[in-house]
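Let's take a walk around one helix and the pocket beside which we will end up. Have the sequence and the 3D view ready.

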Amino acid sequence: MMGLLSSIRGKKEKEVPVIASGIGSAQIAPITPKTKKLVIHEWPKLLSQSPDLFQEIWLKSATRSTSIKQAFGMSDNENPTNNAAFLGLATTIQAYFHKLIVTYELNDELVRDSCVQLGARHVDFTSRVFHSHFWDIFLVCMAEKIDETLSAYMSDEDKKNELIIAYQRVINAIVHQMRAGYSDRRKQQMGGVKAANNDF
């Protein structure tokens with residue numbers, strides 16, 4: 001059986017945001033205790049099955065967006081596997097998700113505060129061509145890889161699909177909060193610029 005996310009595999013960067021009811025949905029429901037428990041419990045097994053999970057996700061993101069490559073100073077035809085600085089971020093991203101899932105145990109307040117702060121800090125990267133739609137691309141690539149990994153070792157279709165949906169909800173919530181922090185800081189900056197211009 002094809003995974004729940006198979007219909008979006010291989011789509012181009014510009015098509016990612018149109019997925020309305022699943023990955024990247026603007027409507028984010030609260031994460032239930034059951035969903036948290038499923039994600040936390042399966043996390044170690046997921047990583048043991050795919051130790052390079054985040055590196056593969058990160059590399060796939062770069063292949064789907066030349067803008068992501070440009071943000072890291074790579075040319076359009078440069079192989080991201082040859083860029084040590086780019087690859088190194090996969091470890092940082094994995095550590096961040098470990099903090100949210102394992103250390104914080106997906107505590108609503110801790111996750112929200114951390115994600116909002118991280119999203120706000122990404123405003124500093126706009127000068128390097130960063131755009132928040134990069135998160136949509138990463139989100140889809142992560143969901144696809146988790147789907148693929150779970151499908152590789154789980155034979156119970158109902159249980160597998162339940163986990164895929166649980167991870168999808170958690171990832172959506174994380175990106176949603178990061179985007180909120182990013183948008184709020186952008187608005188604050190724009191408000192400051194407008195106020196400064198009005199002084200002249």
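## Who lines the pocket?

Helix α4 gives the largest share of the lining of the largest pocket, with 5 residues. Keep in mind that this is a predicted model.

The largest pocket holds about 580 Å³ of space. It has 19 lining residues, and the ones closest to its centre are Trp58, Leu89, Ile93, His122 and Trp135. Besides α4, the helices α3 (66-71), α6 (133-153) and α7 (157-198) each supply at least two residues of the lining. What is the lining made of? It splits into 16 nonpolar residues, 2 polar ones and 1 charged one.

## Checking the length of α4

Grab a ruler for α4, which covers residues 84-103. With 20 residues at 1.5 Å each, the helix should span 28 Å, and its end C-alpha atoms are indeed 28 Å apart, so the two agree.

## Two sides of α4

Which residues of α4 are buried? They are Phe86, Leu87, Ala90, Ile93, Tyr96, Phe97, Leu100 and Ile101. Looking down the axis of α4, you'd find these buried residues within an arc of 155°, so they line one face of the helix. An α-helix has 3.6 residues a turn, so residues three or four places apart point the same way.

Flip to the other side of α4 and you meet Ala84, Ala85, Thr91 and Thr103, which are exposed.

## The two ends

At the start of α4, a side-chain oxygen of Asn83 comes within 3.3 Å of the backbone nitrogen of Ala85. Just after α4, Glu105 has a positive phi of about 50°.

Methods
Residues are numbered from 1 along each chain as its sequence is written. This is a predicted model: local features need pLDDT of at least 70, side-chain atom pairs count only at pLDDT 80 or more; totals for chains, interfaces and linings use all residues. Side-chain values use heavy atoms; hydrogens and water are left out. Helices (H or I, at least four residues) and strands (E, at least two) are DSSP runs, numbered from the N terminus. The expected span of a helix is 1.5 Å times one less than its number of residues. Buried means under 20% relative accessible area, exposed over 50%, partly exposed in between (1.4 Å probe, protein chains only). The arc is that of the directions from the helix axis to the C-beta atoms. A polar contact is a pair of N or O atoms within 3.5 Å; within protein, one must be able to donate a hydrogen and the other to accept it, and residues adjacent in sequence count only if both atoms are side-chain atoms. On a 1 Å grid over the protein atoms alone, a cavity is a set of points where a 1.4 Å probe fits but cannot get out, and a pocket is an open set with protein on both sides within 12 Å along at least five of seven lines; lining residues have an atom within 4 Å of a point. Grid points are joined across faces, edges and corners, and a volume is the space filled by probe spheres set on the points. Ala, Val, Leu, Ile, Met, Phe, Trp, Tyr, Cys and Pro count as nonpolar, Asp, Glu, Lys and Arg as charged, and the others, Gly among them, as polar.
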